[in-house]
Amino acid sequence: MSREIQPASPLKVYCATLGCDKNLVDSEALLGRFALHGVQAVNDLDEADIWVLNSCGFIEAARSDSEETLQALIDYKTNQTLVVCGCWYQESGDLIQKKFPGVDVVAGVGQFDRVVAACIGEPERSDDSGVAIKFPKDNIDAFPMAHKPIVSDPMDANYTGMLDRPLLTPGHLAFVKIGEGCNCNCTFCRIPLIRGRQMSRPVNELVREVQGLVDRGVTEIQLVSQNTSDFGRDTEENLLGLVSALNDVEGLRNIRLLYLYSGLVTTDDLLRLLDLEKVAPYLELPIQHASPRILKAMKRPGGSKSSPGFFTTLRQHHPELVLRSTALLGFPGEEDEDVEILADFLAEVEFDHLGTYRYSPEKGTPAAEMPDMVPMELIYDREALIMDLQSEISQRRQSSRLGSVFDVVVDTVFDPSNADFAAELEILRSLDEAHWLDPSQNRQAWDLVQYSDPVAIGRSYHYGYDLDGVVMLPGKSLKPGQWLSAEFRAATSYDTWALPVSSSRSSEGSGER
């Protein structure tokens, strides 16, 4: 009696992403290219036949993280195909391949189709426009494993798959990468070495991408690139034209702008953007420092032109505006006086959110050859000083919103008794130290834990996804993607506790469950 031959199970791929939101978009695009070949994306490492680590290589700490994660995957691996790709491998593919022989496929940035071909043995596939992609012969004869690193000049990288990618974010939100590379020559930064010069995507292509995302249920987008301010400089288009076109996409609710350089845009430019209906009153404008001497040494675009007045002008026209920035501590030659200038700048501007990172000398950058390196223990002390100041500023600005009602979108709903949500529960615990509009309501949050009632995590326009804090609120009857009006009742320097408007009014001052 003959047995029926069962069709082979489809291959499955797991992707771990390190680094920034732009890297996350690359992972989505790569998974989309796998899907075109029938390879299913899964969230469980143990289910997958192909493992992908999309790395970060921006600074030494990121490279160390990438290396540790890769070694852990190698130690756990049995017969899976292990792929490493991204920024770290763009420059160090040969070295990594020698150091980690357990890796099967090594690739740089933007090599999505070539990675797929190396894993499953199909040497040709069409890109988003239907044009056939030919793979180099030196890789074709190595299929299904590409033993040579798949790396090209970053200006030649083929970033296919942006239009039909699955999302690794909640289904109502997407990062939209509007370009690659950067034309700035900041002396501490390796981005131009890794990602190349500015390459803006066409406005019509981006509108098509966003319309497709909206058709799939996305209501909020966060625009990202290495340098959003420079969008279109290489294509004779511009950021205002892009955002105006996206503002007309029916069904889209929120547009958030990230990675703007204050030295490359004017206040008038930004005010025109903020006047568009769907643009959130939220801008990320990395300053990196405020000392004119350090800014000059960094070769930051605009340098000291980014005065406190630049930011106060924006807030004069839009008092509700949320400002986010980043600061780099420990640049070569930085003195205590430079940090004092930065602290005074922060105190005057009052950013709502500030991220800091510590300088590390990066090979190939001018700053790595500069004298007067700052000892790491001193950098830590200066970072702590700046963050203590910022914590006070953030707490003050957060507390000023208590009692006000804002639109909130729900990102997730979780069960406080589920151990998988330990990080979310820690945020809930931090509310013990929050400033409460009515301290008697403090027990409300803990009642949810005690009775294992669902808790929702969401955001108002004040918080960028995966960047800033969150809004927590009772999650009963709420679901991801839902928008609602909620009253802010408590705030730490990072997060907020809120109540849906109806329950906020009914429980005013009661503190009862």
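A salt bridge is a side-chain nitrogen of Lys or Arg within 4 Å of a carboxyl oxygen of Asp or Glu. Keep that in mind for a pair in one helix. R429 and E426 both lie in helix 14, which spans residues 422–430. They sit three residues apart, about one turn of the helix. Their side chains meet in a salt bridge, with 3.3 Å from N to O. R429 is partly exposed, at 38% relative accessible area. E426 is also partly exposed, at 46%.

Now step back to the whole chain. This is a predicted model. The protein chain has 16 helices and 21 strands. Of its 513 residues, 56% are buried. The chain exposes about 22100 Å², and carbon and sulfur atoms supply 50% of that area. Next, take the contacts with a separation of 6 or more. Residues 24 or more positions apart account for 77% of them.

What lies inside? In soluble globular proteins, nonpolar side chains tend to be buried together. Here, the largest nonpolar core has 51 residues. I221, L223, V243, L270, L283, L285 and F311 touch the most other members. Helix 12, residues 336–349, gives the most to this core, with six residues. A second, separate core holds 45 residues, including M162, V408, V410 and A491.

Look at L223 in the largest core. Leave aside its neighbours within four places in sequence. L223 is then in contact with V176, I178, T228, V243, L246, I255, R256, L257 and L258. Two of these partners, V243 and L246, lead us to helix 8.

Helix 8 covers residues 239–247. Its buried residues are L239, L242, V243, L246 and N247. Why do they line one face of the helix? Seen down the axis, they fall within an arc of 135°, so they share one face. What covers these buried residues? The cover includes helix 7 (203–215), strand 11 (220–224) and strand 12 (254–257). Helix 9 (267–274) and strand 13 (279–284) are also part of it. At the N-terminal end, N238 caps helix 8. A side-chain oxygen of N238 lies 3.2 Å from the backbone nitrogen of L240.

Back to charge. Side chains of opposite charge can pair when their charged atoms come close. The structure holds 35 salt bridges. One of them joins E47 and K12, with the closest N and O atoms 4.0 Å apart. E47 lies in the loop between strand 2 (40–41) and strand 3 (50–55), and K12 lies in strand 1 (residues 12–17), so the pair ties together parts that are 35 residues apart in sequence. E47 is partly exposed, at 41% relative accessibility. K12 is partly exposed too, at 24%.

Another salt bridge joins E362 and R190, with the closest N and O atoms 3.9 Å apart. This pair links distant parts of the chain, 172 residues apart. E362 lies in the loop between strand 15 (353–358) and helix 13 (376–399). R190 lies in the loop between strand 9 (179–180) and helix 6 (191–195). Are these two residues buried or exposed? E362 has 1% relative accessibility, and R190 has a relative accessible area of 8%. Buried means under 20%, so E362 counts as buried. R190 is buried as well.

Return once more to helix 14, where R429 and E426 both lie. Elsewhere, salt bridges that share partners build a network. They join R315, E350, D352, R396, R397 and R401.

How values were computed:
Residues numbered from 1 in each chain as written. Predicted model: local features only at pLDDT ≥ 70, side-chain atom pairs only at ≥ 80, totals over all residues. Heavy atoms only, no water. Core = buried A, V, L, I, M, F, W, Y, C linked by side-chain atoms within 4.5 Å. Buried < 20%, exposed > 50% of the residue type's maximum accessible area, 1.4 Å probe, protein only. Helix = DSSP H or I, 4+ residues; strand = E, 2+ residues; numbered from the N terminus. Contact = heavy atoms within 4.5 Å. Arc of directions from axis to C-beta. Polar contact = N/O pair within 3.5 Å; in protein donor to acceptor, adjacent residues only side chain to side chain. Areas by Shrake-Rupley, 256 points an atom, 1.4 Å probe, with all protein chains shown as cover.
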